Structure formats: structure tokens, C-alpha cells
Amino acid sequence: MSARWSEDQWGESEQRLRRKHIKPTGRRKLADLTAPEPQDIADDIIRRLIDLGHIHEVLAELKSGKEATAYIARSEKGSALLKIYRDFDARSFKNDAIYREGQVVLDARAARAMKNRSRKGLEMLQEGWVMAEYANLWHLWQAGLSVPEPLVGPHPFDYAATIPAVLMRLIGTEDEPAPRLSEAKLTPEQAQNAWNQSVQGMADMLRLGYAHGDYSTYNLLWWENTVIIIDFPQLTTRQNPNFRELLRRDAESLATSFRKHGLHETGESTLREVQRRALGPGPEPRLVLP
Ligand SMILES: Nc1ncnc2c1ncn2[C@@H]1O[C@H](COP(=O)(O)OP(=O)(O)O)[C@@H](O)[C@H]1O
Ligand SMILES: [Mg+2]
């Protein structure tokens, strides 16, 4: 193992953060966040990312979810969001079948291992999850959508080396990461603006042939009056026989999750508007140099 990473470094970052005296103005400010546990599985992958030159240091744990933990990190390209998937057990994939239906796995042995949830199969599922998130992120980013910039790639060879982690640009700042729309306080005008952008974002994905699969204010960030879409491992294409149903479900959960902001759209009218806008012009593609 490399000597460049040590427990001292965790302590150092923490102390520095405390010295920075961050003003406590919200629920998810850096000062309130816990320092990551040095001994957990994140340790190995963080060391590897540092050795590969993708990040310099990890500043704090931002949020621990069902399948992954999000950290704030620093990289050569600026502040980064490091999403590290947890060591998977069989339960993690309880609901993955609906998203993967229609995908063809050519290797029969691999297909069987994944189906049976063997150790190897779970590992393959996790790898597939991470690779899908990067690939989707790159595609959407290059197509000009409002998503965080992926910081490793665009070649799969490069991002395969960061499994089980995904590295992307941090939305917001290190002191104040962008809130999710589910927790943002919006004026009625901002709520309307956020709704409009969220519907447009879903339409932009549909134009490219995608349904997000988990589209709601929980996976939409809000920063400087802009909506940024996140969380893409379960993106599905029209190949999937459940595509229409997933799309309908996304429209439904988008509408429902916006009630809190005073909007009362139905899933049906949302879906119609998304489909209408998907026929319209999309964003300007971004030029990405290899
Ligand atoms: N690029 C980003 N910039 C800032 N915060 C982010 C970014 N990506 C994710 N987050 C934060 O991390 C949390 C978890 O990320 P997400 O991709 O939604 O994973 P999951 O929901 O599977 O845990 C999000 O709810 C959000 O608060
Ligand atoms: Mg999420």
C-alpha cells in the first residue's frame, strides 16, 4: 500500500476544516458533516484514487445512502464529489431486475452468477452499476444536459479503474454543497422555475432515449437557480420492456415530489409535457477532448 495515505491525513483535513470556521447556515454544511471512517472499505479505494492521481484528498463525508456514500474530495480539476458504492450484499439488488431487463449478457456463466447472486455475481453487478453510472454521465454531459461533469474518462478503460467509486464535479462549494430540491427552500417563482427545468431535463433525457428510473426532487440538485440531475446507475433505454412504465413512474414521482413546493401537476400531464418537449430542440452538445 502506498504511504501517501495515512490516518493522519484524515485528522489533518478535519482540523483544517475546523480552523476554517465555517458559518453554520444550513443543515448540510461541511462543519456538521462527519469525517469519513478511515478503516471502512472506502479506505482502499481512496488510496487507489490518490495513487492514480484522480484526487488529492477527501475532506468529509457528505451523505450515506442505501447503496453508496458520498464524500467531498479535492482533485486537480477542482472540488469533487466521490460516490463510493458499498460492498454489495444480495439485498442491494432486490429491485435491479426491472432496470436490467432487456440487457443482453453474452457470457452465460456471468449471467448465471448474477442471477444466482453468488459472490462473483454480486461483484459483477456492482461493477456494472458503476460502469453504467459513468457511461451515462458521460453521455449526458457530452449531450449538454445539466448534470455534474464526470472527472474520470471518457474512455471506459480509465473509469473502470475507479470501481466501486464514481468521481464527478462537486455541485455547490466545499463549504456549502448544493442542496437537493427535496430540501431546498424555494419562493413560488423559484419553484416554478425549478419545475420547468426539471421537466425539461426529463425531456432532454427522453430525446436521447433514456428514462432516469429514479427521477424526483431527491435526485435533483439546486444551485444558483439551476437544476442539476444526479444519480444515474439505473438509467434505462427503450430496449427495456419496462421503459414506458419507468418513464410514467418518473413523471409521477417528479409531480408528487414537487407538491411540497406548492405545485400540483399530475403524473399524466407531466408525462405529456415531457413527451411534447422531447420532440423540441435539445441543449448544445459539449465538446469533450479525449
Ligand atoms: N455532483 C454532486 N455535487 C454535490 N452533491 C452531490 C453530487 N452528487 C451527489 N451529491 C449528493 O450526494 C447524495 C447521494 O448521491 P446519489 O447519486 O443520489 O446517490 P444515492 O442516492 O444512490 O445515495 C445526493 O443526494 C446529493 O446530496
Ligand atoms: Mg440519489
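**Chat on a predicted model: ligand shell, sheet and loops**

Reader: Before the loops, where does Pro154 sit?
Author: Pro154 belongs to the loop that runs between H5 and helix H6 (156-160). Keep in mind that this is a predicted model.

Reader: And what is the peptide bond from Gly153 to Pro154, cis or trans?
Author: That bond is cis, and its omega is near 10°.

Reader: What about the bond from Ile163 to Pro164, cis or trans?
Author: The bond from Ile163 to Pro164 is cis, with omega near 5°. Pro164 lies in the loop between H6 and E4.

Reader: Switching to the ligand. Which residues come nearest to ligand 1?
Author: There are 20 residues around ligand 1, and the nearest are Gly65, Ala70, Pro148, Ile171 and Asp231.

Reader: Which elements give two or more residues to that shell?
Author: Three strands do: E1 (57-64), E2 (68-75) and E3 (78-85).

Reader: How do the shell residues divide by character?
Author: Twelve are nonpolar, three are polar and five are charged.

Reader: Which domains does the shell draw at least three residues from?
Author: Domain 1 (14-169) and domain 2 (188-278) each supply at least three residues to the shell around ligand 1.

Reader: E1, E2 and E3 keep coming up. What order do the strands of that sheet take?
Author: The order is E1-E2-E3-E4, in an open sheet of four strands with antiparallel pairing. E1 and strand E4 (165-169) are the edge strands, each pairing on one side only. From one strand to the next, the twist averages 25°.

Reader: How many bridges hold E3 and E4 in register?
Author: E3 and E4 pair over five bridges, in the antiparallel sense. As one example, Ile84 has Ala165 of E4 as its bridge partner.

Reader: Which helices pack on the sheet?
Author: Helix H2 (residues 42-51) packs on it and touches E1, E2, E3 and E4, with a direction about 55° from that of E4. H5 also packs on the sheet, touching E3 and E4, and its direction makes about 20° with that of E4.

Reader: H5 has a helix partner too. At what angle do the axes of H4 and H5 cross?
Author: The axes of helix H4 (residues 108-116) and helix H5 (residues 119-142) cross at roughly 100° and come within 7 Å. H4 and H5 are therefore roughly perpendicular to each other.

Reader: Which residues make the contact?
Author: On H4 they are Ala110, Ala113, Met114 and Asn116. On H5 they are Lys120, Gly121, Met124 and Leu125. By character, the contact of H4 with H5 has five nonpolar residues, two polar and one charged.

Reader: Last one, back to loops. What is the phi of Glu224, positive or negative?
Author: Glu224 has a positive phi of about 50°, although this residue is not a glycine. Glu224 is in the loop between strand E6 (220-223) and strand E7 (226-229).

Terms used. Residues numbered from 1 in each chain as written. Chains lettered and ligands numbered in written order. Predicted model: local features only at pLDDT ≥ 70, side-chain atom pairs only at ≥ 80, totals over all residues. Near = placed C-beta within 6 Å. Nonpolar A, V, L, I, M, F, W, Y, C, P; charged D, E, K, R; others polar. Domains from an automatic or database assignment. Axes fitted to C-alpha atoms, helices over the stretch in contact; angles between N-to-C directions. Parallel < 35°, antiparallel > 145°, perpendicular 65-115°, else oblique. Contact = placed C-beta atoms within 7 Å. Pairing = 2+ DSSP bridges.
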